[in-house]
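Colleague: I am new to this structure. Please take a close look at the end part of the chain, and then set it against the rest of the protein.

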Amino acid sequence: RRGIDNGLVQRGDPYHVATLAGQTRTVALPSGDRIALNGNSSITLDHQNPRFAKLERGEAIFTIRHDPAAPFVVQVGDERIQDVGTVFNVVRDEDGVRVAVAEGSVLYNPQSEAVTLAAGESLRDPGGNGAIIRSGVDPTAVGSWSEGRLSYTATPLSLVAADLARAIGEKVTLDPVLENQRFTGTITLDTDRARLFADLAVLLNVRAEHGASGWKLVTRNRAGR
């Protein structure tokens with residue numbers, strides 16, 4: 001089922017763009033396309049092929065000018081995403097690949113599954129032999145991290161924690177019992193971290209603790225609390 005990395009970018013004139021945790025950066029390509037990188041992210045681009053990008057890790061939102069003669073392709077590990085004139089967000093981390101579409105549509109792994117996602121649709125691909133999970137998404141929430149907010153619909157808290165860590169530049173962990181709890185709502189990325197996690201604790205009905213290793217969200221009824 002898996003796609004194949006054909007090494008296309010290595011045969012051209014590659015260059016790398018990366019961000020630190022908590023840092024964002026926007027890259028304008030000669031083709032008129034635009035890529036915004038979230039924190040702790042890395043992407044490989046190609047001077048000889050501005051219609052190709054390889055997301056090495058992290059998260060990016062792609063604003064793509066559609067050209068049927070030269071479709072824009074994003075390589076994510078062994079998987080490929082081909083635009084059909086669109087704005088879409090991609091995450092690559094230890095949980096696999098996530099794709100969400102704000103405008104237009106994309107084709108995920110055109111040489112194998114060929115999953116078409118239109119605006120308001122998303123998928124999560126855990127990799128390996130795991131099945132692709134499709135779901136709906138608010139198109140206005142796609143890539144909302146670039147506007148200082150994180151929006152979710154029935155999303156496991158494990159993924160929310162990973163997104164928070166990438167955005168704020170600090171480790172965010174959970175009590176194991178919270179990992180599969182689902183969250184629907186919007187988190188505003190307040191630059192005052194103590195206030196951010198105090199608000200988040202109320203929103204999720206949990207306790208937020210800060211230590212040398214970062215932030216941890218724990219259940220309110222945990223023993224000793």
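**The end part of the chain and its surroundings**

Modeller: Gly211 is a place to start, and it is found in strand S17, which covers residues 206-211. Everything said here is about a predicted model, not an experimental one. With a relative accessible area of 35%, Gly211 is partly exposed. Its relation to the beginning of the chain can be given as a distance: Gly211 and Thr26 are 185 residues apart in sequence, and their C-alpha atoms are 32 Å apart in space.

On either side of strand S17 in the sequence are two elements that share a ring pair. Helix H2 holds residues 193-204 and includes Phe197, while strand S18 holds residues 214-219 and includes Trp215. How are the rings of Phe197 and Trp215 placed to each other? In general, a pair of aromatic rings is described by the distance of the centres and the angle of the planes. The protein has four aromatic pairs by the rule used. In the pair of Phe197 and Trp215, the ring centres are 4.1 Å apart and the planes meet at 5°, so this pair is stacked. Planes under 30 degrees apart count as stacked, and therefore an angle of 5° qualifies. Because Phe197 belongs to helix H2 and Trp215 to strand S18, the pair ties together parts that are 18 residues apart in sequence.

Are these two residues buried or exposed? Phe197 has a relative accessible area of 0% and is buried. Trp215, at 10%, is buried too. Gly211, by contrast, is partly exposed at 35%. The cut-off for buried is under 20%, so Phe197 at 0% falls below it, and so does Trp215 at 10%.

Aromatic rings also come together elsewhere in the chain. Phe62, Phe72 and Phe88 are linked by ring pairs into a cluster. Next to Phe62 in the sequence comes Thr63, a residue of strand S5 (residues 52-63). Thr63 is partly exposed, with a relative accessibility of 24%. Not counting residues up to four places away in sequence, Thr63 touches Asp33, Arg34, Thr86 and Val87. Pro156 is 93 residues from Thr63 along the chain, and the C-alpha atoms of the two are separated by 27 Å.

Helix H1 can be set beside helix H2. It covers residues 157-168 and contains Arg166; Leu159 is also in helix H1. Leu159 is buried at 4% relative accessibility, and Arg166 is buried at 7%. Leaving aside neighbours up to four places away in sequence, Leu159 touches Asp95, Arg98 and Arg124. With its neighbours within four places likewise set aside, Arg166 is in contact with a longer list of residues, among them Ala21, Asn38, Asn40, Gly58, Asp93 and Arg98. Ala28 is 131 residues from Leu159 along the chain, and their C-alpha atoms are separated by 28 Å.

Asn40, one of the contacts of Arg166, has a phi near 50°, which is a positive value in a residue other than glycine. Asn40 is located in the loop between strand S3 (34-37) and strand S4 (42-46), and it is partly exposed at 38%. Ala114 also has a positive phi, about 50°, although it is not a glycine. The loop that holds Ala114 runs between strand S10 (105-108) and strand S11 (115-118). Ala114 is partly exposed, at 35%.

As for the whole, the protein has two helices and 18 strands. Of its 225 residues, 47% count as buried. The radius of gyration is 18 Å; a compact globule with 225 residues would have one near 17 Å, so the two agree. Along the principal axes, the C-alpha atoms fill a box of roughly 60 × 30 × 30 Å. Among the contacts with a separation of 6 or more, 45% are between residues 24 or more positions apart.

Terms used:
Residues are numbered from 1 along each chain as its sequence is written. This is a predicted model: local features need pLDDT of at least 70, side-chain atom pairs count only at pLDDT 80 or more; totals for chains, interfaces and linings use all residues. Side-chain values use heavy atoms; hydrogens and water are left out. Helices (H or I, at least four residues) and strands (E, at least two) are DSSP runs, numbered from the N terminus. The radius of gyration is taken over C-alpha atoms; the globule rule is 2.2 Å times the number of residues to the power 0.38. Buried means under 20% relative accessible area, exposed over 50%, partly exposed in between (1.4 Å probe, protein chains only). Contact means heavy atoms within 4.5 Å. Rings of Phe, Tyr and Trp (its six-membered ring) pair if their centres lie within 6.5 Å; planes under 30 degrees apart count as stacked, over 60 as edge-to-face and the rest as tilted.
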